[in-house]
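Hi everyone, and thanks for coming along. Please bring up the sequence and the structure, and we'll walk through a few spots together.

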Amino acid sequence: MSFFKKLSLTEFICYAVIGILTFLAAVLSEWNDDAIAYSFFIPRYGEDTSCTPIESLGDIWNSQINHWFNSNGRFVIHFIVQIFCGLAGKYWFALINSIVWIGLFKCIVRFHNNNISWKFTILVSSLILILFFPLPFTPPFQINYVWTALAISLWLKLFFSDHNISPAILIVLAIFSFVTGQMHEGFSIPVCGALVYYIIYRKGHFSVKEWILAVSFGIGSILTIFAPGNFWRINQESSSEGSVLNLIEQLPSAIWFPLIFIILVYASGCKFKTTIKFLKYPPAAFLIVMATLSLVFNILIGRIGRGIIPYNLSFILLSVLYLQKHKLSLMVTIAAPIIAITIISLQISRINTQNKKTNEIIYEYMDVGTSDGTIYIDNDLFLFNRIETTQRRNTYTNKLRQTFPDAPFLKIYPASMKTLEFMKDTNMVVNVGEQSWVCIQSASHPRDFIVEKTVLPSFFGGKRMNPRILDFSSGSEIFIDSTADYKSILYVNDRPYVNAEIIIR
């Protein structure tokens, strides 16, 4: 009760808004993709074809042991994910997830001290929503990132706290640190790197509490970082297509939260020397190293997306540390919630579109039924979340095979192709949207399908890029279907500065 007595009206409103908003987002999100997959028992081999339902905690335990060997090392995280996906269900998840969101807000807004202003409270709640609300509101995404972010933030708060802790509590903290380190390698790697830096900086002069937190976290991290499943997954992903251009195109996403921090520093009227002094403050230096290592790690693996959430979280915590000692501009306080509301609106629209796609797939495939597994959905829905269209259809198939073991594998095509005779031994390109094509390759006389690209706009001189032959193999990320007569793929050009054409040769 004493906690609620200390709450300001602004803080109470932020708690309520975050809790209600995230609860509704989770309740209204139809489960698809990994949320379906994690409702099945994970065998040691053939995970993608498993349709055995989770029925007990024992199933989850054995399932995650297998997962640790064949996919990744996030035993704790995915144990919790499978509890909700396989046993507890959506409403329990929505309720507990909203509580975790509130806990994350409380931990970050009071990361350093309890003397917080209404402007500071609004800013922090906005930053949290800007970073985390774009995530899908299903257990695999929320638990992997929001729940881990709460654990990491709480761990950092405890690590840099000056409070005396009893021996009994130290045992609890050791367990908590081990579990936190084991949760997600994307968080654990930069935190462990920052810990190494901090040990060197302090010349090993740690308190008992700091050593217990650091060592326990490190042991947990080793178990997740060096899990056999991680190396298996790296080998699988290294064989998939990637390019330096793809990586460069993702780099701008690493600008926004550092830019926010710079704007906050500038808007506070702080001088350069004062800022440099702040950045040398041990917790601030720790967070800078953590952010740097997170970015470097993601660049090395060639994929920047959700992976830089620890990087962005570091800059939020840096902003919190900085602003608790400096004034906050009113303009920033106004701008931050406007940006947050915009992002929330966009995400609600995405949730609505994904729900339409999920429901249409379930209706056409499971309710209406199909003899060969082929269904046709709205063109725009077909092109939305293309990973689900081409790579993650197996989750729906496995769900249907729980009831009908011989159910055909799901194949999704756009509604515009329903009246088109394409299921034959032929070579064909079908335009299904702006810069989007379904390609049909003949089985008896296959031709090469070549993408030719021209850089836009015209002042670049219409420079042609190197042509690319499309991959029709079943392991391709753009593969749709293969029969005795043909193979089909989906190719979409996402680059607005490039015009693409597909030529059959």
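Let's begin with charged side chains: D33, D34 and R392 are joined in a network of salt bridges. Before we go on, please keep in mind that the model we're looking at is predicted. If salt bridges are new to you, here's the basic idea: side chains of opposite charge can pair when their charged atoms come close.

How many salt bridges does a search of the whole structure find? The number is 8. Let's visit some of them.

Find D494 and R386, whose side chains form a salt bridge with N and O 2.6 Å apart. D494 sits in the loop between β8 (486-492) and β9 (498-504), while R386 belongs to helix α20 (residues 386-390), so this pair ties together parts that are 108 residues apart in sequence. Is D494 buried or exposed? With a relative accessibility of 53%, D494 counts as exposed, because the cut-off for that is over 50%. R386, at 28%, counts as partly exposed.

Now please move over to E452. Here we have a residue with a salt bridge to R464 and another to R505. In the pair with R464, the closest N and O atoms are 3.8 Å apart. That pair links distant parts of the chain: E452 is in strand β5 (residues 449-455), and R464 is in the loop between β5 and β6 (468-469), 12 residues apart. In the salt bridge between E452 and R505, the N to O distance is 2.6 Å. This one also links distant parts of the chain, with E452 in strand β5 and R505 in the segment after β9, 53 residues apart.

What about accessibility for these three? E452 is buried, with a relative accessible area of 18%. Its partner R464 counts as exposed at 52%, and R505 counts as exposed at 51%.

Next, let's zoom in on N427. You'll find N427 in the loop between β2 (411-414) and β3 (428-433). Is N427 buried or exposed? Its relative accessible area is 16%, so N427 counts as buried, given that buried means under 20%. Which backbone atoms does the side chain of N427 reach? One is the backbone nitrogen of S442, at 3.0 Å. Another is the backbone oxygen of H445, also at 3.0 Å. Leaving aside residues up to four places away in sequence, N427 touches several others, including I440, Q441, P446, R447, F449 and I504.

Time for some helices. Look at helix α2 (residues 9-28) and helix α7 (residues 118-132): their axes come within 9 Å and cross at roughly 15°. That angle makes α2 roughly parallel to α7. The crossing of these two, α2 and α7, is right-handed. The contact is made by T10, E11, C14, I18 and L21 on the α2 side, and by W118, T121, I122, S125 and L129 on the α7 side.

Then there's helix α10 (residues 185-201) with helix α11 (residues 208-225). Their axes come within 10 Å and cross at roughly 140°. How do we describe that angle? It makes α10 oblique to α11, because only angles over 145 degrees count as roughly antiparallel. The crossing of α10 and α11 is left-handed. Among the residues that meet here are E185, S188, I189 and V191 from α10, and W211, A214, F217 and G218 from α11.

While you're at this pair of helices, look at the loop between α10 and α11, where K203 is found. Here's a bit of background: most residues other than glycine have a negative phi. K203 has a positive phi of about 55°, although it is not a glycine. K203 is exposed, with a relative accessible area of 70%.

Q435 has a positive phi of about 55° too, and Q435 is not a glycine either. To find Q435, go to the loop between β3 and β4 (436-442). Is Q435 buried or exposed? Q435 is buried, with a relative accessible area of 17%.

To finish, here are two places to revisit on your own screen. One is E452, buried in strand β5 and in salt bridges with R464 and R505. The other is N427, whose side chain reaches backbone atoms of S442 and H445. Thanks for listening!

Technical notes. Residues are numbered from 1 along each chain as its sequence is written. This is a predicted model: local features need pLDDT of at least 70, side-chain atom pairs count only at pLDDT 80 or more; totals for chains, interfaces and linings use all residues. Side-chain values use heavy atoms; hydrogens and water are left out. Helices (H or I, at least four residues) and strands (E, at least two) are DSSP runs, numbered from the N terminus. Buried means under 20% relative accessible area, exposed over 50%, partly exposed in between (1.4 Å probe, protein chains only). A polar contact is a pair of N or O atoms within 3.5 Å; within protein, one must be able to donate a hydrogen and the other to accept it, and residues adjacent in sequence count only if both atoms are side-chain atoms. Contact means heavy atoms within 4.5 Å. A salt bridge is a side-chain nitrogen of Lys or Arg within 4 Å of a carboxyl oxygen of Asp or Glu. Axes are lines fitted to C-alpha atoms, for helices over the stretch in contact, and angles run from 0 to 180 degrees between N-to-C directions. Angles under 35 degrees count as roughly parallel, over 145 as roughly antiparallel, 65 to 115 as roughly perpendicular and the rest as oblique. A crossing is left-handed if the near helix is turned anticlockwise from the far one by less than a right angle, and right-handed if clockwise.
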